[in-house]
Amino acid sequence: MRASAKGAIEGLADRLGYLVLPKWRLPNLELSTHLRQLFQKYGIDCVIDVGANTGQYGQFLRNEVGFAGLIISIEPLSDCFVDLNQAASCDPDWIVLNFALGATAGNALFNVMAYRQLSSFLDPSNDQAAHMAALNQVHQKISVPVRRLDTVVATIEACRPLGPIYLKLDTQGFDLEVVKGCGAAIERVQALQTEVSVLPIYDGMTDWRSAIAALETLGFAMSGLWAVNRDFALKAMEFDCVMVRSTGGSPDRTPSGNGREDARD
């Protein structure tokens, strides 16, 4: 009965020129609609989800964007990876990997913050975001393995061909370091999503203008900005910045970052 009533309401709304959506879809509706159009236009069939945490972005792709292609989610924290692995366990097109990404392969100390989603290779700085101080403090330091993204892509492609790539970056201040590890594989990336900071919450993190400018030198152009966090005064703290390939770009150039050679994913 409930399903038939829902179908009748949706049918009536459609005839009247309206779209019926559950309330939980509203916060990300604009971004999900944009990505659906972008994926179709650029033929995206692989999303590399860097900084996957517990799998929220992968679920967003499946449930809100309607993406049915390959997802490669990468997360260094073991406790988060347990939940990520569980989220992807019934999805044969969702690969999960337990390490960090950076400019050079090896091992590096990683700051696990009181609030896990804020964990980063960078040290916290709460001078401009005092309201986050309790969450953005180091709970422990751990050593994590770091890989280059070009190596990861080559390893996966040896078993499964990859088409045009969408690169999602959420590394708490180290997105450009991940990009440095792309090497020639950056040419495979047709569009990307990076979290850019307006109010710095880590020491030495790249500001939003410099981050966008660095990606523009790689041949990307801005496609949209969506506020991720705001402070108590409703000032934007971070944006999700979506960028697409721009004709006449220079994909062989390396972005300037903060000089660090490791990156959290």
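**Helices and sheets in a predicted model**

Reader: At 10% relative accessibility, does E64 count as buried or exposed?

Author: The cut-offs settle this: buried means under 20% relative accessible area, exposed over 50% and partly exposed in between (1.4 Å probe, protein chains only). E64 has a relative accessibility of 10%, so E64 counts as buried.

Reader: What kind of model is this?

Author: Residues are numbered from 1 along each chain as its sequence is written, and side-chain values use heavy atoms, with hydrogens and water left out. Local features need pLDDT of at least 70, side-chain atom pairs count only at pLDDT 80 or more, and totals for chains, interfaces and linings use all residues; the model is predicted.

Reader: In which helix does E64 lie?

Author: Helices (H or I, at least four residues) and strands (E, at least two) are DSSP runs, numbered from the N terminus. By that numbering, E64 belongs to helix 3.

Reader: Which residues is E64 in contact with, leaving aside its neighbours within four places in sequence?

Author: Contact means heavy atoms within 4.5 Å. With neighbours within four places in sequence set aside, E64 is in contact with W24, R25, N28, S32, R36 and Q59.

Reader: Y57 lies in helix 3 too. Which residues does Y57 touch, not counting those up to four places away in sequence?

Author: Y57 has a relative accessible area of 10%, so Y57 is buried. Not counting residues up to four places away in sequence, Y57 touches L35, V47, D49, Y166, K168 and Q193.

Reader: What packs on the sheet, touching strand 1, strand 2, strand 3, strand 7 and strand 8?

Author: Start with the sheet: 7 strands form an open one with mixed pairing, in the order 3-2-1-7-8-10-9. Two strands pair if DSSP finds at least two bridges between them. The element on this sheet makes about 150 degrees with the direction of strand 1 (46–50), where axes are lines fitted to C-alpha atoms, for helices over the stretch in contact, and angles run from 0 to 180 degrees between N-to-C directions. It is helix 3 (56–65).

Reader: Which strands stand at the edges of the sheet of 7 strands?

Author: The order is 3-2-1-7-8-10-9. Each edge strand has a single partner strand, so one side of each is left without a neighbour in the sheet. The edges are strand 3 (94–97) and strand 9.

Reader: How many residues of strand 8 are buried?

Author: Strand 8 (189–197) has partners on record here: 5 bridges join it to strand 7 (165–169), in parallel, and 7 bridges pair it with strand 10 in the antiparallel sense. Strand 8 is largely enclosed by the rest of the structure, because the buried residues number 8 of the 9.

Reader: What is the bridge partner of L192 in strand 10?

Author: Strand 8 and strand 10 pair in the antiparallel sense. In strand 10, L192 has as its bridge partner M243.

Reader: Which helix joins strand 7 and strand 8 in a β-α-β unit?

Author: The unit is right-handed: with the strands pointing away from the viewer, the path from the first strand over the helix to the second runs clockwise. The helix in this unit is helix 6.

Reader: Why do the buried residues of helix 4 line one face of the helix?

Author: In helix 4 (78–88), the residues C80, F81, L84 and A88 are buried. V82 and Q86, on the other side, are exposed. The arc is that of the directions from the helix axis to the C-beta atoms. The buried residues line one face because, seen down the axis, they fall within an arc of 100 degrees.

Reader: Which strands do the buried residues of helix 4 pack against?

Author: Helix 4 runs at about 165 degrees to strand 3. Its buried residues pack against strand 2 and strand 3.

Reader: Which residue's backbone nitrogen lies 3.0 Å from a polar atom of the side chain of D91?

Author: D91 sits in the loop between helix 4 and strand 3. D91 is buried, with a relative accessible area of 18%. A polar contact is a pair of N or O atoms within 3.5 Å; within protein, one must be able to donate a hydrogen and the other to accept it, and residues adjacent in sequence count only if both atoms are side-chain atoms. The backbone nitrogen belongs to D93.

Reader: Which residues of helix 7 are buried?

Author: Helix 7 spans residues 208–216. Its buried residues fall within an arc of 160 degrees, so they line one face of the helix. They are A211, I212, A214 and L215.
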